[in-house]
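Biologist: Could you take one spot in this structure and look at it closely for me? After that, please walk me on through the other places worth a look, with the numbers a computational chemist would like to have.

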Amino acid sequence: KCPSGRFDMKAANPNQGLLEVCNGVCAAGWHGTKGGIVALDQSEACVKCEIGRWSISVGVEVCNTTCAVGTYGAVRGATSALVGCGERCAAGRFGEMRGGAGTIDGCSGECAKGKWSGVVGASTAAVCVPCAAGKWSNRYALSSAGSCYDCGAGRFASATGAIAAFECNGICPTGRYSSTSGLTSAEECSA
């Protein structure tokens, strides 16, 4: 009986006799479905690697090379990570799982409220940076610093990473004002 990933092509050539030669192999990007198959070609004995998995080797039982964290696949039958895992998590998101997630679902991590990231293909939340002082955001998965909201005119926040407008709790002192939004300190208020 041929092992999975190989198949016997003797049916294609009756002159081979009854000897099992296992002369057919699943090509790179394909894997065997089960052993002992007599087939004319690999389309009968093999299946393409699943999305998010790939194989450079021939005659494999399973395609067990998976996309790296922060990447995912969109094609079946890939023979390299470049082809099989050519998609990257969008800015503001990051990969959280490895081992065959293979689809955009593997990019389930999001920068938290008050943070953003412009990094594409990130594999950790460490790439997420806080909104600057004078800014805030109550949304997840921001992809640029410009996505953070300014504190309202005459208000300021000296801390970074604010997640709500009420954190812009500094106001211009009596006798000073500002029509500018996004202030970071009382010193920015005009006399």
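Modeller: Happy to! Let's start at isoleucine 37, which is in contact with Phe7, Asp8, Glu44 and Ala45, leaving aside its neighbours within four places in sequence. Please keep in mind that this is a predicted model. Two of those partners, Phe7 and Ala45, come back with Ile37 in the largest nonpolar core. That core has seven residues in all, and Cys26, Trp30, Ala39 and Cys46 complete it.

From there, let's go to the aromatic rings. A search of the whole structure finds one aromatic pair. Its members are tryptophan 136 and tyrosine 149, whose ring centres are 4.8 Å apart; the planes meet at 45°, so the pair counts as tilted. Tryptophan 136 belongs to strand E13 (residues 135–136) and tyrosine 149 to strand E14 (residues 149–150), so the pair ties together parts that are 13 residues apart in sequence. The two partners also differ in their cover: tryptophan 136 has a relative accessible area of 14% and is therefore buried, while tyrosine 149, at 33%, is partly exposed.

Right after tryptophan 136 in the numbering comes serine 137, in the loop between E13 and E14. Serine 137 is buried, because its relative accessibility is 0% and the cut-off for buried is under 20%. Not counting residues up to four places away in sequence, serine 137 touches Lys113, Gly114, Cys131, Leu142, Cys148, Tyr149, Ala162 and Ile163. Tyr149 in that list is the tyrosine of the aromatic pair. The C-alpha atom of serine 137 is also 6.1 Å from that of alanine 164, although the two residues are 27 apart along the chain.

Another serine makes a nice companion to this one. Serine 117 sits in the loop between strand E11 (115–116) and strand E12 (129–130), and it is buried too, with a relative accessible area of 2%. Beyond residues up to four places away in sequence, serine 117 touches Ala91, Gly92, Cys111, Val127, Cys128, Leu142, Ser143 and Ser144. Leu142 is listed for both serine 117 and serine 137.

Let's finish on the surface. Val75, Leu82 and Val83 make a nonpolar patch of about 290 Å² there. One of the three, valine 83, is found in helix H2 (residues 81–84). With a relative accessible area of 47%, valine 83 is partly exposed.

Methods: This is a predicted model: local features need pLDDT of at least 70, side-chain atom pairs count only at pLDDT 80 or more; totals for chains, interfaces and linings use all residues. Side-chain values use heavy atoms; hydrogens and water are left out. Patches are made of residues with over 30% relative accessible area and no salt bridge: like charges are joined within 9 Å, nonpolar side chains (Val, Leu, Ile, Met, Phe, Trp, Tyr) within 5 Å. Accessible areas come from the Shrake-Rupley method with a 1.4 Å probe; for residues, only the protein chains shown count as cover. A salt bridge is a side-chain nitrogen of Lys or Arg within 4 Å of a carboxyl oxygen of Asp or Glu. Helices (H or I, at least four residues) and strands (E, at least two) are DSSP runs, numbered from the N terminus. Buried means under 20% relative accessible area, exposed over 50%, partly exposed in between (1.4 Å probe, protein chains only). A nonpolar core is a set of buried Ala, Val, Leu, Ile, Met, Phe, Trp, Tyr and Cys residues joined through side-chain atoms within 4.5 Å. Contact means heavy atoms within 4.5 Å. Rings of Phe, Tyr and Trp (its six-membered ring) pair if their centres lie within 6.5 Å; planes under 30 degrees apart count as stacked, over 60 as edge-to-face and the rest as tilted.
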